[in-house]
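Please open the structure in a viewer and keep the sequence beside it. This tour proposes one selection after another and states what may be found at each stop.

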Amino acid sequence: MQNWKGRLRASGIHLGLSLGIAALAAVVVFGLWYPYPYREISGGRSLFMLVVSVDVVMGPLITLVIFNRAKPRRELMVDFSVVALLQLAALSYGMWTVFVARPVHVVFEYSRMSVVHAIDVDATLLAKAPAALQRLPMTGPTLIALRPFKSAAESFDATMAAMGGSPLSARSDLWQPYADSVPDILKESKPASELVVRFAAQAEKAAHINQAVKNSGRTLDQLRYLPLVSRESAWTILLDAKTAEPVGYIPLDPF
């Protein structure tokens, strides 16, 4: 019984340390790589929880099994060092997985906004992007747009590549600054008042819309919207009706 008390205490201490490290990792993941709403849209929350849950559980459980006060101090230190290295390796691999899957750009894709993730970008095409866009950001996604096609052949090739699994929004050879597409964005977007009318009979969705409009600091007639598409789901992005600046996000599929 005394031995089990010691094991539980050691495992509890290890669990507390693991949770502390997980909290620090969460600050990096959700503060830098997956700011709101991309922790939801891009699956950052579920991916991080899967990675961290395994790591947080693994270390304390191993400690519970191997801890024994009868062991020499040197042997215990070796055991704990091995466990710590295994746990650190698992966490590092998990964090790397979360990092390479991070959202890097929100792209105006002719009729909608699409979230592009680092893993989607073809490195061989990245050199063909404008110089300012050839480095993928590490502090949350930035706004960019797709330029118009130069020819019917280019449009056909891009469409066929998209059908083959290469997202059009991830084609870095088509990227251009967001500001260059503002007139097209405002033209393709729709008045936010349409959302209010369409979902007026659905209380929960109507509440989300009204709250997002309120949080934007603008009146309804000062807002437009576009679908915001990612790997996990489709949301709605609210845009300033004059500048096309994103000013709100709604967990609502507008299609």
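In the hairpin of β1 and β2, which residue takes a positive phi? The residue is Y110, with a phi near 70 degrees, and the hairpin has four residues between the strands. The model is a predicted one, in which local features need pLDDT of at least 70 and side-chain atom pairs count only at pLDDT 80 or more, while totals for chains, interfaces and linings use all residues. Residues are numbered from 1 along each chain as its sequence is written, and side-chain values use heavy atoms, with hydrogens and water left out.

**The whole protein**

Begin with the full view. The secondary structure comes to nine helices and eight strands; helices (H or I, at least four residues) and strands (E, at least two) are DSSP runs, numbered from the N terminus. The radius of gyration is 24 Å, well over the 18 Å that the globule rule gives for 255 residues, so the protein is more spread out than a compact globule. This radius is taken over C-alpha atoms, and the globule rule is 2.2 Å times the number of residues to the power 0.38. Along the principal axes, the C-alpha atoms fill a box of roughly 75 × 45 × 30 Å. Of the 255 residues, 44% count as buried; buried means under 20% relative accessible area, exposed over 50%, and partly exposed in between (1.4 Å probe, protein chains only).

**The hairpin and strand β2**

Select Y110 again, in the loop between β1 and β2. Y110 has its positive phi although it is not a glycine, and it counts as partly exposed because its relative accessibility is 24%.

Now select residues 113–117, which form strand β2. Five of its five residues are buried. M113, V115 and H117 point one way from the strand, whereas S114 and V116 point the other way.

Add β1, residues 103–108: five bridges join it to β2, and the two strands run antiparallel. Two strands pair if DSSP finds at least two bridges between them. One bridge to inspect links H105 with its partner V116 in β2. Next add β6, residues 223–229, which is joined to β2 by two bridges and runs parallel to it. Here the bridge partner of M113 is L228.

**Serine 230**

Move on to S230, in the loop between β6 and β7. Is S230 buried or exposed? S230 counts as buried because its relative accessibility is 13%. Its side chain reaches the backbone oxygen of I41 at 3.3 Å. A polar contact of 3.5 Å also joins the side chains of S230 and S42. A polar contact is a pair of N or O atoms within 3.5 Å; within protein, one must be able to donate a hydrogen and the other to accept it, and residues adjacent in sequence count only if both atoms are side-chain atoms. Leaving aside neighbours within four places in sequence, S230 is in contact (heavy atoms within 4.5 Å) with I41, S42, V115 and H117.

**Backbone details**

Select Y36 and P37: the peptide bond between them is cis, with omega near 5 degrees. P37 lies in the loop between α1 and α2.

Finally, select A244, in the loop between β7 and β8. A244 has a positive phi of about 70 degrees although it is not a glycine. A244 counts as buried because its relative accessibility is 0%.
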